[in-house]
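Student: Could we go through this model together? I should like to begin with its pockets and then turn to the sheet and the helices.

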Amino acid sequence: MAMRDLLLSEFDQEMANTRKMLERAPQDRFNYQPHAKSFKLERLAGHVADLPTWALHAMETQFLELEPGQYPPFIPSSSQELLAHFDQQVSLAHDAIADASDEDLNAIWTMKWQGKTVVSMPRISVVRSSVLNHTIHHRAQRGVSPRMLNLPRPGTYGPSADEAPSTTIA
């Protein structure tokens, strides 16, 4: 089996779980900030929606040199804009991964920040760490908001407490 097929299976599952969480980002609460050091909901949801872009960067380039202010954050103004942006980025990333050979996925990709190497690893590792793991991390942060706002939380790897039938333990 080609490496891309294994990666796409995981990518598609995690992006579907992520979309469920983004669907529950209430537009009327976009300014919600659970703590002074936390992103507002709109900024965190926008970051999560933008993360699949990194798969595209990794698959289409050999390196990326970043400078301050070069990539302003995506901050959605509506739930529709949030989901449309996410769906577009997921589609582009999926297609880029689907077109990759094992050789492409094993090629080294490097990211520099102000001329200094931050990461240099095989593209498959970039997709797994900078896209999938990073998305899961921020999706978990995003998952706290529904609880704090007393809203139902979607399940990710099975039903959430809001979706599961109640059970009694004797």
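Tutor: A definition comes first: a pocket is an open set of grid points with protein on both sides within 12 Å along at least five of seven lines, and its lining residues have an atom within 4 Å of a point. Please also keep in mind that this is a predicted model.

Student: Noted. Which residues line the second largest pocket?

Tutor: Its lining consists of Y32, P34, K37, S38, F39, L41, L44, Q141, V144 and S145. The space in this second largest pocket is about 170 Å³.

Student: Which element gives the most to that second lining?

Tutor: Helix α6 gives the most, with three residues. At least two residues each come from α2 and α6. Sorted by class, the lining of the second largest pocket has six nonpolar, three polar and one charged residues.

Student: And what volume does the largest pocket have?

Tutor: The largest pocket has a volume of about 480 Å³. It is lined by 20 residues, of which D50, W54, Y71, P72 and P73 are the closest to its centre.

Student: Which elements give two or more residues to the lining of the largest pocket?

Tutor: They are α2 (41-50), α3 and β2. Among the elements, α2 gives the most, namely four residues. The lining of the largest pocket comprises eleven nonpolar, six polar and three charged residues.

Student: Changing topic: in which order do the strands form the sheet?

Tutor: Three strands form an open sheet in the order β1-β2-β3, with mixed pairing. β1 (63-66) and β3 (116-122) are the edge strands; each has a single partner strand, so one side of each is left without a neighbour in the sheet. On average, and ignoring direction, neighbouring strands of this sheet are turned by 10 degrees against each other.

Student: Mixed in what way? In which sense do β1 and β2 pair?

Tutor: β1 and β2 pair in the parallel sense, over four bridges. L64 stands opposite M111 in β2. Strand β2 (residues 108-113) pairs with β3 in the antiparallel sense, over six bridges. Within that antiparallel pair, T110 has S120 of β3 as its bridge partner, and W113 has K116 of β3.

Student: How many residues lie between β2 and β3 in the hairpin?

Tutor: There are two residues between them, and Q114 in the turn has a positive phi of about 50 degrees.

Student: Which strands does helix α6 touch?

Tutor: Helix α6 (residues 123-148) packs on the sheet and touches β2 and β3; its direction makes about 110 degrees with that of β3. Helix α3 (residues 53-60) also packs on the sheet, where α3 touches β1 and β2; the direction of α3 makes about 115 degrees with that of β2.

Student: Finally, at what angle do the axes of α1 and α4 cross?

Tutor: The axes of helix α1 (residues 3-23) and helix α4 (residues 79-98) cross at roughly 175 degrees and come within 10 Å. Angles over 145 degrees count as roughly antiparallel, and α1 and α4 are therefore roughly antiparallel to each other.

Student: Which residues make the contact?

Tutor: On the α1 side they include L7, L8, F11, M15 and L22, and on the α4 side they include L82, L83, F86, V90 and I97. The residues of this contact of α1 with α4 divide into twelve nonpolar, two polar and five charged. R4, D12, R19 and E23 of α1 and D87 of α4 also belong to the contact.

Note on methods. Residues numbered from 1 in each chain as written. Predicted model: local features only at pLDDT ≥ 70, side-chain atom pairs only at ≥ 80, totals over all residues. Heavy atoms only, no water. Pairing = 2+ DSSP bridges. Axes fitted to C-alpha atoms, helices over the stretch in contact; angles between N-to-C directions. Contact = heavy atoms within 4.5 Å. 1 Å grid on protein atoms, 1.4 Å probe; cavity = no way out; pocket = protein on both sides within 12 Å on 5 of 7 lines; lining within 4 Å. Points joined across faces, edges and corners; volume = space filled by probe spheres on them. Nonpolar A, V, L, I, M, F, W, Y, C, P; charged D, E, K, R; others polar. Parallel < 35°, antiparallel > 145°, perpendicular 65-115°, else oblique.
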